[in-house]
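Biologist: I should like to understand how the terms used for a protein model are justified. May I put some questions to you as we look at one?

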Amino acid sequence: MGIVVIGAVFVDIKGFPEDIYVPEGRNAGRIEYIHGGVTRNVVEDIANVELRPTYVSIVDTSALGEDVVRKLKRHKVDTSYVKSVPGGMGTWLAVFDNKGDLAGSISQRPNLYPILYTLEEKGDEIISKADSIVLEMDIDKEIIKKTFQLAQKYNKRVYGVVTNMSIAVERRDYLKHFDCFVCNQIEAGIFFAEDYEGKTPQELCEIISANVVSAQIPSIVVTMGGEGAVYADCKGNKGIYPARKVIVRDTTGAGDAFFAGVAIGMTYGKELKEAVEIGTRLAASVIITTDNVCPRFLPKELGLDIEVEE
């Protein structure tokens, strides 16, 4: 069944200005509608490494919902556990500046309880065959609890990602249960109630390592944009991995691809540093395009000794 990804599907509405973006004014430009959502992006990124992930999610009953499922199937994602329900998809509205950086966003989440019902009905079938589990940290608590219950029952690793920080901070007590958790510099500061703005990678690496060891969190990776990422685990292992120098066109989905790379690496036998290296490569492949997922890779290109299924 490969990596099982659990989370929400969103529609991304993205606005790009023709010239310098003026927050207080009207900006001429273009608007795009794209299939989005962190875990939807992540499951497609995993599929684009020629792996065969399974998605546990919901879409709405519209033509757009059907299109989301069709696209995932084309990428060889197992959508057997994706339900169609009225209002089943969220919306992410984002505006970018003329450099391709995010200037502001608003998201509206769907009711995700149908995912809980899927796990209650078919959770043993899904999780027992999983190579690992990817889970939104800010999903409903009942879904998190059910997922960890099943993961513990079948001894499966769980990797956590943030989609909505205001909700995720309420789930801080679950950090110890994730085998690895990925967030950005601002999110890490919120989780540990500290200000990390202006910290160098070297400074942040030492701080994160100390916090992870004292809190006995299995492992964390903190992304720092163009300065790369820092990583640390509860055993005291830590390090910094630099970002790849590329021309930025659109940063949307880069963090999701990075997370997918880390989850892929750790699922299939890589150490934390090696997994971060894979995440960095996938993220770089996203920001040089206007798409929000990575292009196709073969596992061996990323140093993975995995046979590709036909």
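Modeller: Let us begin with the residue classes: Ala, Val, Leu, Ile, Met, Phe, Trp, Tyr, Cys and Pro count as nonpolar, Asp, Glu, Lys and Arg as charged, and the others, Gly among them, as polar. Please bear in mind that this is a predicted model.

Biologist: By class, what makes up the lining of the second largest pocket?

Modeller: The lining holds eight charged, five nonpolar and four polar residues. The pocket itself has a volume of about 370 Å³. Of its 17 lining residues, those closest to the centre are Arg157, Asp233, Met266, Glu271 and Leu272. Strand 12, helix 8 (254–267) and helix 9 (272–287) each give two or more residues to this lining.

Biologist: How do you know that the count of disulfides is zero?

Modeller: A disulfide is a covalent bond between the sulfur atoms of two cysteines. The rule asks for a pair of cysteine sulfur atoms within 2.5 Å, and by this rule the count is zero. For Cys205, the nearest cysteine sulfur is that of Cys183, 13 Å away, so the cut-off of 2.5 Å is not met. For Cys234, the nearest is that of Cys180, at 11 Å, and therefore Cys234 is in no disulfide either.

Biologist: Why is Cys205 called buried, and what is Cys234 called?

Modeller: Buried means under 20% relative accessible area, and exposed means over 50%. Cys205 has 5%, so it counts as buried. Cys234 has 24%, which lies between the two limits, and it is therefore partly exposed.

Biologist: How do you know that the length of helix 7 agrees with the expected span?

Modeller: Helix 7 comprises 15 residues, 201–215, which should span 21 Å at 1.5 Å a residue; its end C-alpha atoms are 21 Å apart, so the two values agree. Just after this helix, Gln216 takes a positive phi of about 55°.

Biologist: Which residues of helix 7 are buried, and what do they pack against?

Modeller: The buried residues are Pro201, Leu204, Cys205, Ile208, Ser209, Asn211 and Val212. They pack against helix 6 (185–191), strand 11 (219–223), strand 12 (229–233) and strand 13 (238–241). Take Ser209 as one case: its relative accessibility is 7%, so it counts as buried. Leaving aside residues up to four places away in sequence, Ser209 touches Ala232, Gly236 and Lys238.

Biologist: What makes helix 8 mostly covered?

Modeller: Of its 14 residues, 13 are buried, so helix 8 is described as mostly covered. From first C-alpha to last, helix 8 reaches 20 Å, close to the 20 Å expected. Gly269 follows helix 8 and has a positive phi, near 95°.

Biologist: Is Ile186, in helix 6, buried or exposed?

Modeller: Ile186 has 66% relative accessibility, over the limit of 50%, and therefore counts as exposed. The C-alpha atoms of Ile186 and Glu197 are separated by 7.3 Å, while the two residues are 11 apart along the chain.

Biologist: Why is Glu50 called buried, and why is Asn155 called exposed?

Modeller: Glu50 is at 16%, under 20%, so it counts as buried. Asn155 is at 71%, over 50%, and is therefore exposed. Glu50 is in the loop between helix 1 (38–47) and strand 4 (54–59), and Asn155 is in the loop between helix 4 (141–154) and strand 9 (158–161). Although not a glycine, Glu50 has a positive phi of about 60°; Asn155, likewise not a glycine, has a positive phi of about 55°.

Technical notes:
Residues are numbered from 1 along each chain as its sequence is written. This is a predicted model: local features need pLDDT of at least 70, side-chain atom pairs count only at pLDDT 80 or more; totals for chains, interfaces and linings use all residues. Side-chain values use heavy atoms; hydrogens and water are left out. Buried means under 20% relative accessible area, exposed over 50%, partly exposed in between (1.4 Å probe, protein chains only). Helices (H or I, at least four residues) and strands (E, at least two) are DSSP runs, numbered from the N terminus. The expected span of a helix is 1.5 Å times one less than its number of residues. Contact means heavy atoms within 4.5 Å. On a 1 Å grid over the protein atoms alone, a cavity is a set of points where a 1.4 Å probe fits but cannot get out, and a pocket is an open set with protein on both sides within 12 Å along at least five of seven lines; lining residues have an atom within 4 Å of a point. Grid points are joined across faces, edges and corners, and a volume is the space filled by probe spheres set on the points.
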